[in-house]
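Open the model in your viewer and keep the selection panel at hand. The tour goes one selection at a time.

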Amino acid sequence: MINPWSSSQYFDYEKLIREFGIDKPNDYFDYFMFRRKLIFGQRGLDYLEYAIKNGMEFNAMTGLMPSGHMHLGNKLTIDQIIYFQSLGAEVYIAVADLESYATRGISFERAREIAINEYIANYISMGLKPCKIYFQSENFDTQSLAFILSNGTNMNELKAIYGLTDSSSMLHVNSPIIQAADVLHTQMRHLGGPKPTIVPVGVDQDPHIRLMRDLAKRLRIYSIKPDHGKISIFIKGTDNPERYINEAMEELSSKGYECSPNYEYRAIYIKNSKEEERIKIDMILARLEGKFNEYTFIEPSATFQKLETGLRGGKMSSSVPDSLISLNDSPADATRKIKHAVTGGRQTVEEQKKLGGNPDICPVFELYKYHSSDDKYVSRVYEECIGGVRMCGACKSEAAQNISKFLKNLAEKKDESLRKMDDYLIKRSS
Ligand code: SF4
């Protein structure tokens, strides 16, 4: 069972792919996190690829919990968001102030201060362009949509997905629904209607992704099914299927498809379709359906990134401050933490020279691998380590210099980023 509240770490990513039906990414996205397999899995990324290839609009969505400080491990999600924004995504970011109030007792006012100063200012300094950042407590769309979505699931399903029990807190019941509403509301009619939406997450968030994808599917009237190499469409949840069959036939015919209806089975068979056209046909029908079904959503896509190891080995945890580098750390603090980090090095310099180190288990190597976009540089560090040319002391100093430069740059840009805040925060919805 993987769930967002477990404290366990999961390093057997191949097993996760096998057991949870997560797909591997293909090589369409030329970004260092894909190239280095830091993004090890995905769901529905073909929708995003289709949108980009066909010049269509798409969204990128993430959230932040306003508590504590942002650290290097959180940075990876924002790196991806900035990458997808560079490809044309409309970016939405939810500040989970309802959750921080419920779980940590943080007032909305304090959550706002933390979100702006500790997170959003850093996002802007890292290169995030103007986008739509909102506070859950102020967003009527997400609250009303959460109410609608809660009608599409039940306790048995939540127990099966999350391992909830009868004594689980209602927060754990509500939280996945609110997160689904955060993601899906970006496709509401007044925000441009149904669009592919990418959500970069750690694998512990997969249960949320599965649930929101299922909920999106359940609210659709048109259900697209591959059928013996072709595509068939089924009409769900309406007492007037003829109307929706006729609307879809008219739309698909205008796009060159030959359709044959079966009113008894509430179905349309597309004679000249191919299975590979599933996304194209789904997008055509989602746009049509969006005109008469206010809650038409394309199943959100997700990328799953590997979890960065803590500097002390194991998980990065704010309860062990030396396990992570906060983006508020001074270069001196960051350097001290890196100098004390565990490594994949040998016991002695002689052994290291003779046998080489093991970068594959080294958190210091991860600082290079996760936070430098220069492939050649990272490969060189790797080769030098396994070849016994690189010693851990010097390697740590070099990593510390790189991270210190990054932190210094963020600190220098902070005031300017804070001044730009109005270009990012959206006003309370009425
Ligand atoms: S040389 Fe660097 S990468 Fe290799 S084990 Fe030591 S610290 Fe890690």
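The stops below run from the ligand outward to the helices around it. Keep in mind that this is a predicted model.

**Stop 1: the ligand.** Select the ligand and display its surroundings. The space it takes is the largest cavity.

**Stop 2: the shell.** Now select the residues around the ligand. Thr343, Gly344, Gly345 and Gln352 are among them. Add Cys362, Val364 and Phe365, which also belong to the surround. Finish with Cys385, Arg390, Cys392 and Cys395. Colour this shell by residue type: six are nonpolar, four polar and one charged.

**Stop 3: two helices at the shell.** Which elements give two or more residues to the shell around the ligand? They are α15, residues 363-371, and α17, residues 392-419. Show both as ribbons. Their axes come within 10 Å and cross at roughly 40°. An angle from 35 to 65 degrees counts as oblique, so α15 and α17 are oblique to each other. The crossing of α15 past α17 is left-handed.

**Stop 4: a further helix.** Keep α15 on screen and select α4, residues 72-86. The axes of α4 and α15 lie 11 Å apart, and the helices pack at an angle of about 20°. Angles under 35 degrees count as roughly parallel, so that is how α4 and α15 run relative to each other. Here too, α4 passes α15 in a left-handed crossing.

Key
Residues are numbered from 1 along each chain as its sequence is written. This is a predicted model: local features need pLDDT of at least 70, side-chain atom pairs count only at pLDDT 80 or more; totals for chains, interfaces and linings use all residues. Side-chain values use heavy atoms; hydrogens and water are left out. A residue is near a molecule or strand if one of its heavy atoms lies within 4 Å of it. On a 1 Å grid over the protein atoms alone, a cavity is a set of points where a 1.4 Å probe fits but cannot get out, and a pocket is an open set with protein on both sides within 12 Å along at least five of seven lines; lining residues have an atom within 4 Å of a point. A molecule sits in a cavity or pocket if more than half of its atoms lie within 2 Å of its grid points. Helices (H or I, at least four residues) and strands (E, at least two) are DSSP runs, numbered from the N terminus. Ala, Val, Leu, Ile, Met, Phe, Trp, Tyr, Cys and Pro count as nonpolar, Asp, Glu, Lys and Arg as charged, and the others, Gly among them, as polar. Axes are lines fitted to C-alpha atoms, for helices over the stretch in contact, and angles run from 0 to 180 degrees between N-to-C directions. Angles under 35 degrees count as roughly parallel, over 145 as roughly antiparallel, 65 to 115 as roughly perpendicular and the rest as oblique. A crossing is left-handed if the near helix is turned anticlockwise from the far one by less than a right angle, and right-handed if clockwise.
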